[in-house]
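Q: I am new to this structure and would like a close look at a single part, the place where chain A and chain B meet. Please take me through it step by step.

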Amino acid sequence: MAGRLAMDVSVAVAEAVRLANADVIAAYPITPQTRIVERLAELVANGQLDADYIPVESEHSAMSSSIGAAAAGARTFTATSSQGLALMNEMVYVAPGLRVPIVMVVANRAISAPIALGNDHSDIMSVRDSGWLSFFAENGQEALDLTLAAFRIAEDPEVSLPVCLSLDGFILTHITEPVLMPDQTEVDRFLPPFKPSVQLDIKDPISMGLWAPPDVYAEARKAMALALFSAKKTVVKAFDEFNRIFGRRYRPVETYRQEDAETVIISMGSISETAMTAVDEMRDLGHKVGLVRLRLWRPFPEEELLAALAGAKNVAVVDRHLILGCGSGPVGLEVKSLVCNSGLRPNITNFFLGLGGRDVTRANFKYIRERAAGVRNQLRAEFVGVYE
Amino acid sequence: MRAFEAPFERVTNRNFPKGPEVLAPGHGACQGCGEALALRLVLKALGTEFIAVSATGCMEVCTSRFPNTSWQMPWIHVAFENAAAVASGVEAATRVLKRKGRGHDQRIPVVALAGDGGTADIGLQALSGALERFHENFVYVCLDNEAYMNTGFQRSSATPFRASTTTSPVGACSKGQHTWKKNMPAIAAAHGIPYVATASPAFHLDLMNKIRRAAAVEGPAYVHVFSPCPTGWLMKPELAVESARLAVSSRIFPLYEVLDGSYRINRPAPNPTPLADYFRAQGRYRHLTEDDVAFIARRVNSDYERLVDLAERRPVS
Amino acid sequence: MTKPAVEAIAKVGDLPLGFIGRPKRSRAAKTGDWRSVRPVLDRARCNYCGFCYFYCPDGVFQDMGEEKYYQADLDYCKGCGICAHECPKKAIAMIQEEV
């Protein structure tokens, strides 16, 4: 199965895991992640993927089993959403500390309460500080490609960290799109067999998960911080190699008509396609507006983002998660913190958009551009499209 | 293959594995720690060609202060409640890697180790999941010292009736723990796994052979090991082994096995030693009256009779 | 710069990937200094049954083979007294350590 095919984006991700020849999949069903793991169970059941599918009894155990499997040297995949990611949170923090290169796809869904099924980024932001590399995909092709790239980046001996990939729930996971399915020989060239940097091996025993007293904890945490920052060069290297083999170019930060833009909108994930259409329409009306999309969220792509914002007078940051009790969303906070000591002096505004599955429209972006060009000294981020 | 036919080399006093300690000296367990002794015997029975997974707890923290480790085999600790889930992942990985030609060409037992809190309370869900999924090379060992000793002797669901702990203290309105000890081996057996056993460090060969059998059976095995805690039980450290022996002879912790659903009592106690002899050395039971002891003895005897009944009706053959 | 309150046991750059430990470090911590009493064996009484060895929580006894007794490694013995209590021949005495 290779070439140009129409398929559900969830299925495309599962096919990428098959092409990566994953060894262990540990997962627990949760809407809207289910289609990914159902397809993986099917591939294993049909003998199309030689892996062990562990039908764990909770997401906490999904991540625990994934940690165990990766520590024992298996190429390991899991996927979850929303409350499931919240339940596995304790284990999410352990994986990077043990340096186990798990790949996790998160079908982004709003967090309770109130309970909701719709898409936003409130689930994945709980992973923000944990030490995982974190990517956001915009479309089906990117979801497939980044799943493959995630294994290569995670397992690179220079990195040896877990990687998560966000797909907007329903609005990306449940869409049928045409994708270019790579063939196995190409994938094998891109993704070498997994050679673990740390491994539980009876012939060379190590102890993992040791206790760090105060005389070494801070050093251990700083080592993790440095490892995550330096992982960015491996990301860029892997993207270059991906382009060489597959002819598709990815960067940590993408820009769209931003070169001469007075107002730059920053977004993540699948709403960026809507944003690009809106940018085109606004350009037709003579507005100098552009888009910057963060594909890489952790480590935060500082240099790339500053370069993309260099000429902007107004920066409008879209957030899809509330930090309750704080005036900014996580992306807004991050951009303000980065820009304030950079020498750049754009007017930064922050907007909450598309919470809990609320549709994100071109009109929303037109409104955001107007506000970004008009509002000064915004203290708290503005809710867009919320009835008061 | 039936559990009682699983091939393993029996440990005897003659062929006892007297090589280097696989739980190396230098760990920080308390003086006279019955759990450290139990763990040492468990690991000695297994050697080094297996993978150990520890839950957070006394045995984890006292053996793993960076950069030191007491563990001579590959070992991983992840958290408190998930030793069974981590071990599930390790077990799956070792089997898949062997199948795909990237692992070692041998069966690698994966042994999860947890205390009573990590098993009967916070880890019960993960354990139940792992037993139900029927992992092929999976052994779970509960080292039961009957309370949360690592955090300072708080009660767990495995704390026995009337024992005083820091969260089931004796007071004007309390005679200590007011619930009966959760029957973990019965819960494990209810999963229909091939092998369940109770063991005691006072019966070291019995314990080690049960561990070897657990590692040899195809499918999950559960071994519940009595682990006296002199510090938490308010007992002289030199009495750790003796208290473990009295627990068996008084019937409060009987030694038995469940092989493919059939029962066998390993150290029958047709004429039990007085429970008072077992309680006497332990400060956690200091407040008990004769009536209290008699009340507990009725329950202990009835539980024991039920085991005898099971062993008679469903004998291992 | 003032001296840090805690002296680090390893620098950031020296830490092993994944904060792992290796068995060769296992005997680094000597627990013998916990001890207030030490086991002393009366070899005349010893019948070489091995109970002291089997029941030691710290695994400090070594089988002396031909000499037919078990020797405690005082670098690690914490002085719990299980060996003396379990000895069927009462061949081990726990003797007060001198300070």
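A: What follows describes the side of chain A that touches chain B, and then the strand that pairs across to chain B.

This is a predicted model, in which local features need pLDDT of at least 70 and side-chain atom pairs count only at pLDDT 80 or more, while totals for chains, interfaces and linings use all residues. Residues are numbered from 1 along each chain as its sequence is written, chains are lettered from A and ligands numbered from 1 in the order in which they are written, and side-chain values use heavy atoms, with hydrogens and water left out.

In this model, 43 residues of chain A are in contact with 42 residues of chain B, where contact means heavy atoms within 4.5 Å. Between them the two chains bury about 3300 Å², and 59% of that lies on carbon and sulfur atoms; buried area here is the accessible area (1.4 Å probe) that two parts lose on being put together, summed over both.

Between chain A and chain B there are 7 salt bridges, a salt bridge being a side-chain nitrogen of Lys or Arg within 4 Å of a carboxyl oxygen of Asp or Glu. A salt bridge joins the side chains of A:Lys203 and B:Glu49, at 3.1 Å from N to O. The count of residue pairs in polar contact between chain A and chain B, both at pLDDT 80 or more, is 21; a polar contact is a pair of N or O atoms within 3.5 Å, where, within protein, one must be able to donate a hydrogen and the other to accept it, and residues adjacent in sequence count only if both atoms are side-chain atoms.

On the side of chain A that touches chain B, at least two residues each come from strand E3 (52-54), helix H3 (59-71), helix H5 (89-98) and strand E9 (207-208) of chain A; helices (H or I, at least four residues) and strands (E, at least two) are DSSP runs, numbered from the N terminus. H3(A) gives the most to this side, with 8 residues. By residue type, this side of chain A divides into 24 nonpolar, 11 polar and 8 charged residues, with Ala, Val, Leu, Ile, Met, Phe, Trp, Tyr, Cys and Pro counted as nonpolar, Asp, Glu, Lys and Arg as charged, and the others, Gly among them, as polar.

E9(A) also pairs with strand E2 (residues 75-77) of chain B, in the parallel sense and over 2 bridges, since two strands pair if DSSP finds at least two bridges between them. Within E2(B), B:Trp75 is the bridge partner of A:Ser207.
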